[in-house]
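Let's take a walk through this fold, going from the strands to the helices and then to the charged side chains. Keep the viewer open as you read.

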Amino acid sequence: MTLSALPTTLAELRASGWEPRTVKEEIRANLLARLRSGEPAFPGIVGFDDTVLPELETALLAGHDLVLLGERGQGKTRLMRTLAGLLDEWSPVVQGCEINDDPTDPVCVRCQRLLAEVGDELPVVWRHRDTRYAEKLATPDTSVGDLIGDVDPVKVAEGRTLGDPETVHYGLVPRTNRGVFGLNELPDLAERIQVALFNVLEERDIQVRGYSLRLPLDLLLVATANPEDYTNRGRIITPLKDRFGAEVRTHYQLDVADEVELIAQESAVVASVPEHLVEVVARFTRGLRESASVDQRSGVSARFSIAATEAVSASALRRSARTGDDAVVARVCDVPGVVPTLLGKVEFEMGEEGREREVLDHLLRVAVAETFRSRLAGLDLTGFTALFEDGSVVETGELVPAAELLGQLGTVPGLSKVLDRLGHGDDAGVGETAAAVEFVLEGLHLTRRIDKDTVAGRTVYGA
């Protein structure tokens, strides 16, 4: 049914056969429909299918408010925002209502009075599910008024008395009534403010400045938190934790393939980045998450790998501008140059002070070597090593055009099989071929089959 054909009055709404249901009933019904049909319930979420999502689905089917707990950059906010997609596409509300009242059962004073005055002619408008989600970053300066509400001095100045419930200016939570409210970084919320959420989660109502105001709310409350926040920046107070029905633990991607998929999905590249280079970045990130030199309590965000991939693509674009290279394709030589720009995204252990760059460089070499073995294991690469048997060298670097690199090689036996393994095949252009060749040369160096040196800013293989 199109929006223009939807009922516009309470009488039309009742005649249409529309049946009211709570937010959690909507989510339960729509989630079950997606599970039965095989349609993704949480589009864009990668690597959680067998771990996080089953727990989340169970919590939603149970009708529980919940906390998503995990280190930074694990997709908690992204996951929280997908929950609005489980709401009905359109839902009716009383026209002009600040808290989105159900036309068949309004709860605010204004809508109850209007219903008594106009009856079945109560005006109805329809909200799309995209507008039924609200989010707040929990900062220490957040007030009860921001979340719940406060007395509006303008309404008092207009002549209403302080005892009139209509003098209340509603906060974000009641304004999200009949929707999903997301609270990011809940432990950062001052403890006295967390207390204000008690009634929202348990009695499903709000209280403002001692008003005799019972306002039953219908919403799903979802919060995110970092485990370290419980002991460092703040904590979720015990009574509030008890009122959440579920705590779902997130994690970083467990498989390299999932990490590669996530990077490809989220990064906004300005030049082509071959998949084997994305895998290098993914393995580099995983190496950091496993390194004893890195503070694992802080974690290494997925934003690290995304930013690295975007910077690598930018390096390729820079090369094309500086050299006039038509092949705007990233190569292995573009990766080391972006490492210094990523230092601020990693928290190192105290004992590693002064060695940060050394740690990153080492882990990057390991990532390239692992990707080389993974992608080209068992392939005959003697055609490449033979290039250097007579003392020849191949020069490359971040400012060496692709055509210049390939011009030093001539015909290389086995190159077509390398291109096949790297996913290029017969369609490989000059840029993709140069990227593949440089990847092989670096891999052969790291596996100690050819030498490498750096001369005047250029990398020389076979030196």
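Strand 7 (residues 179–184) and strand 8 (residues 219–225) run parallel and are joined by five bridges. If you want a spot to zoom in on, Leu-183 stands opposite Ala-223 of strand 8. Bear in mind that this is a predicted model.

Zoom out and that pair turns out to belong to an open sheet of five strands, ordered 4-7-8-1-9 with parallel pairing. The edges are strand 4 (133–137) and strand 9, each of which pairs on one side only. From one strand to the next, the twist averages 20°.

Now go to the strand 9 edge. Strand 1 (residues 66–69) pairs with strand 9 in the parallel sense, over four bridges, and Val-67 has Glu-247 as its bridge partner there. Which way do the side chains of strand 9 (residues 246–249) point? They alternate: Ala-246 and Val-248 are buried on one face, while Glu-247 and Arg-249 point to the other and are not buried.

Next, the helices that lie across these strands. Helix 2 crosses strand 7 and strand 8, running at about 75° to strand 8. Helix 3 lies across strand 1, strand 8 and strand 9, at about 165° to strand 9. The two helices also pack against each other: helix 2 (residues 23–37) and helix 3 (residues 52–61) have axes 9 Å apart, at an angle of about 140°. That angle makes helix 2 oblique to helix 3. On the helix 2 side the contact is made by Ile-27, Arg-28, Leu-31, Leu-32 and Leu-35, and on the helix 3 side by Glu-57, Leu-60 and Leu-61. Sort those contact residues by type and you get six nonpolar, no polar and two charged.

Finally, the charges. The structure holds 23 salt bridges, and one of them brings together the side chains of Glu-275 and Arg-375, at 3.1 Å from N to O. Glu-275 sits in helix 13 (residues 275–290) and Arg-375 in helix 15 (residues 356–376), so this pair ties together parts that are 100 residues apart in sequence. How exposed are the two ends? Glu-275 is partly exposed at 47% relative accessibility, whereas Arg-375 is buried at 14%.

Another salt bridge links Arg-355 and Glu-352, at 2.1 Å from N to O. Here Arg-355 is partly exposed, with a relative accessible area of 32%, and Glu-352 is buried at 15%. As for wider connections, salt bridges with shared partners join Glu-275, Glu-279, Arg-283, Glu-370 and Arg-375 into one network.

Methods: Residues numbered from 1 in each chain as written. Predicted model: local features only at pLDDT ≥ 70, side-chain atom pairs only at ≥ 80, totals over all residues. Heavy atoms only, no water. Buried < 20%, exposed > 50% of the residue type's maximum accessible area, 1.4 Å probe, protein only. Pairing = 2+ DSSP bridges. Axes fitted to C-alpha atoms, helices over the stretch in contact; angles between N-to-C directions. Parallel < 35°, antiparallel > 145°, perpendicular 65-115°, else oblique. Contact = heavy atoms within 4.5 Å. Nonpolar A, V, L, I, M, F, W, Y, C, P; charged D, E, K, R; others polar. Salt bridge = Lys/Arg side-chain N within 4 Å of Asp/Glu carboxyl O.
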